[in-house]
Amino acid sequence: MSPELKGFILFSVIKMLIVFTVMLVGVALLTLMERKVSAWMQNRRGPNRVGWAGLLQPAADGLKNILKEETFPKESNRGLFLLAPALSFIPALMLSAVIPFAAPLRLNFDDLGQEIARIPLVGHVLGAVFHAIFGRVAYHGMLPMVVADLPVGFLFVLAISSMGVYGIALAGWASNSKYSLLGGLRASAQMISYEVAMGMSLIPVLLLSGNVSFSAIIAEQAHSLWFVGPLFISFFIFLISGFAETNRLPFDLPEAESELIAGYHTEYSAMKFSMFFIAEYANVVTVSAMVATLFFGGWDIPFTRADESGTWYWVVLSHLVFFIKTFFWIFFVMWIRWTLPRFRYDQLMALGWKVLMPLALAYIMVIAGAIYALQHLMGITSVTTRAFALTVISLIIGVIMFWLLDRGAIVSGSESRRQRLEPDPVRPTFVGRDRGVRAAS
Amino acid sequence: MAIGVKVMTRPEREVSYVRATFKGLALTFKHMFQTKVTMQYPEERSTRDDRGTWTLSPRWRGTHRMLTDEQGRSKCVACGLCPQVCPANCIKLVPGEDEQGNRYPLIYEIDEFRCVFCGYCQEVCPEEAIHVGQHYENSEYSRGRFVYDLERLSSQTHAVSTLWDPTDPRGE
């Protein structure tokens, strides 16, 4: 094995361990954050008994879930019932592998053991031990701060995220319970519907960056504008689809408590239930990180290009920036949850298929046309000018879109929608205050 | 039209859900920084505090208390009215009589598990001996401990309930 390959493998393993650990611990802390945010928004305090300010609450919950009894419904399909939590858990965690969490780090050494030996006091021993175990480890160039810097990172995310629906649909089916099945059915319909809008909404991102790798998308944003401006409509559609994909309120129909008890995970207990929970929060993290990466420049620090230099402090700083951006969107997801009520099922489907999908398709046409016009007809080659021009176009479309959306045409009551389409010749009139008696029909 | 549903035509600012969403977001965000109303129960008791928020109502009907006279004997004369009126049948009373012909309870037990805390016993008591009190922390390690005998009822020290007075419904 060449020293370079050893370096690559070593750093990949380190990145994997870090990302995996941070993801799991972060998800555990997010459950606490969700409870805290919900409590604050309801003028309560939230969990504050276990540990300082309740910080150990996730650990207590985890311990409880491990010690709890595993229940198996008598008529359930045992194999699939066991498989389903894993099927929703694994894709959720896999997604974190391809999202860049900091600027690339410039590394340049021929022998890592010698570098370690330079650490004062203990370095000598550590260096020798390292050398004895790994031999010569070298690395030259920029180390991408992502577990797998896939050239198809973006497609990977779309492909894997759509696998999450298997876990939920199988959980619903294998439980052999009517509530679970209804939850599973709703989940599959909802996630497949919004997958379409989500995928369509991201095409303009590809058109603008000309690449499907996350690194290239971030680089393009760093060189021009963050895509939230030029591709505002895409951002809007992606955000809504993201909510629907993660089954978060206002799209939590698969687990609508008031209708379906707990939906697809009604029959699950202990750690298996916990795995669905972890998957949900991991998906929230992924969607937030995706929004931050695709539309808010990822780890890009605005107004400076120094963050691409690869010096270690810029890498740390860029990671902080990425963290803040992601964290804001995670908070936003929770914020929305405690603000908006749940959609009705027909509203959900109408929004997905009748609004977001055509909107995304039309937007692809507009962006593609605009890029062509700017580049070939008007001869603009500067990406920044192009981004500004697209921002203006997007804002105009955005204003029109919100004006139309605001007319109540999409998610209003079905009755008023029907009336708008075919006005009733005989309007019902009320006689008296309480008795809904129609005068003529 | 299947049923006579009157569809209101409302002004746009009332039906605009984009605006409503932003309004809702602002509202929930504002609430995050408001004073928390949670009472930190074991540390913060339902007694008087500076804010005077968590005071227990003087009419609260909780754990029973038997009042005693100056010699430390219970005021109860074992008339039998409280077991008679008790809707939950939780009072056990065996009356006794001393040499002077004074009646007193030989056994007086209240099963706090059975009790529905209606306060009838206090209301019916001619000697104002048995009372329900402003106290609610009754946890024990065994079920048997929930049957309070006379000694235990007499040794309670919490304030007694004022009950509801029909001539003074607001408690003024």
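**Fold, cores and helix contacts of chains A and B**

A:Ala53 is placed in the loop that runs between helix 1 (3–41) and helix 2 of chain A. In this predicted model, the residue has a positive phi of about 55° although A:Ala53 is not a glycine. Because 14 other C-beta atoms lie within 10 Å, A:Ala53 is classed as partly exposed. A positive phi of about 55° is likewise found in chain B, at B:Ala78, which is not a glycine either. B:Ala78 belongs to the loop between strand 1 (64–66) and helix 3 (81–85) of chain B, and with 22 other C-beta atoms within 10 Å this residue is buried.

Chain A contains 16 helices and two strands, and its C-alpha trace extends over about 95 × 70 × 40 Å along the principal axes. Of the 441 residues in chain A, 41% are buried. When contacts in chain A between residues at least 6 apart in sequence are considered, 78% of them join residues at least 24 apart. Chain B, by comparison, has five helices and five strands, arranged along the sequence in the pattern α-α-β-α-β-β-α-β-β-α. Buried residues account for 19% of the 172 residues of chain B, and of the contacts in chain B with a separation of 6 or more, 71% are between residues 24 or more positions apart.

The largest nonpolar core comprises 107 residues, among which A:Leu231, A:Ile237, A:Ala282 and A:Val291 touch the most other members. The greatest contribution to this core comes from helix 12 (residues 270–295) of chain A, which supplies 16 residues. A second core, separate from the largest one, is made of 17 residues and includes B:Cys86, B:Cys115, B:Cys125 and B:Ala129. The surroundings of A:Ile237 can be described further: once neighbours within four places in sequence are set aside, A:Ile237 is in contact with A:Ala197, A:Ser201, A:Leu356, A:Leu359 and A:Ala360.

Two helix pairs of chain A were examined in detail. In the first pair, the axes of helix 7 (residues 164–174) of chain A and helix 8 (residues 178–209) of chain A come within 7 Å and cross at roughly 160°. Because of this angle, helix 7 of chain A is roughly antiparallel to helix 8 of chain A. The crossing by which helix 7 of chain A passes helix 8 of chain A is left-handed. On the side of helix 7 of chain A, the contact is made by A:Val165, A:Ile168, A:Ala169, A:Ala171, A:Gly172 and A:Trp173, while helix 8 of chain A contributes A:Ser180, A:Leu181, A:Gly183, A:Gly184, A:Leu185, A:Ala187, A:Ser188, A:Met191 and A:Ile192. By class, the residues in the contact of helix 7 of chain A with helix 8 of chain A are ten nonpolar and five polar, with no charged residue.

In the second pair, the axes of helix 12 of chain A and helix 13 (residues 312–337) of chain A come within 8 Å and cross at roughly 125°, and helix 12 of chain A and helix 13 of chain A are therefore oblique to each other. The crossing of helix 12 of chain A and helix 13 of chain A is right-handed. The contact draws on A:Val284, A:Val285, A:Ser288, A:Ala289, A:Val291 and A:Ala292 from helix 12 of chain A, and on A:Phe322, A:Lys325, A:Thr326, A:Trp329, A:Ile330 and A:Val333 from helix 13 of chain A. The contact of helix 12 of chain A with helix 13 of chain A divides into nine nonpolar, two polar and one charged residues.

Two exposed positions of chain A were also considered. A:Glu69 is found in the loop between helix 2 (57–67) and helix 3 (78–94) of chain A, and A:Glu69 counts as exposed because there are 6 C-beta neighbours inside 10 Å. Not counting residues up to four places away in sequence, A:Glu69 touches A:Ser269 and A:Ala270. From C-alpha to C-alpha, A:Glu69 and A:Lys272 are 10 Å apart in space, although 203 residues apart in sequence. A:His376 lies in helix 14 (residues 345–377) of chain A and is exposed, with 9 other C-beta atoms within 10 Å. A:His376 and A:Pro250 are 126 residues apart in sequence, and their C-alpha atoms are 43 Å apart in space.

Terms used. Residues numbered from 1 in each chain as written. Chains lettered and ligands numbered in written order. Predicted model: local features only at pLDDT ≥ 70, side-chain atom pairs only at ≥ 80, totals over all residues. Core = buried A, V, L, I, M, F, W, Y, C linked by C-beta atoms within 7 Å. Buried ≥ 20, exposed ≤ 12 C-beta atoms within 10 Å, placed from the backbone. Helix = DSSP H or I, 4+ residues; strand = E, 2+ residues; numbered from the N terminus. Contact = placed C-beta atoms within 7 Å. Axes fitted to C-alpha atoms, helices over the stretch in contact; angles between N-to-C directions. Parallel < 35°, antiparallel > 145°, perpendicular 65-115°, else oblique. Left-handed = near helix turned anticlockwise from the far one by under 90°. Nonpolar A, V, L, I, M, F, W, Y, C, P; charged D, E, K, R; others polar.
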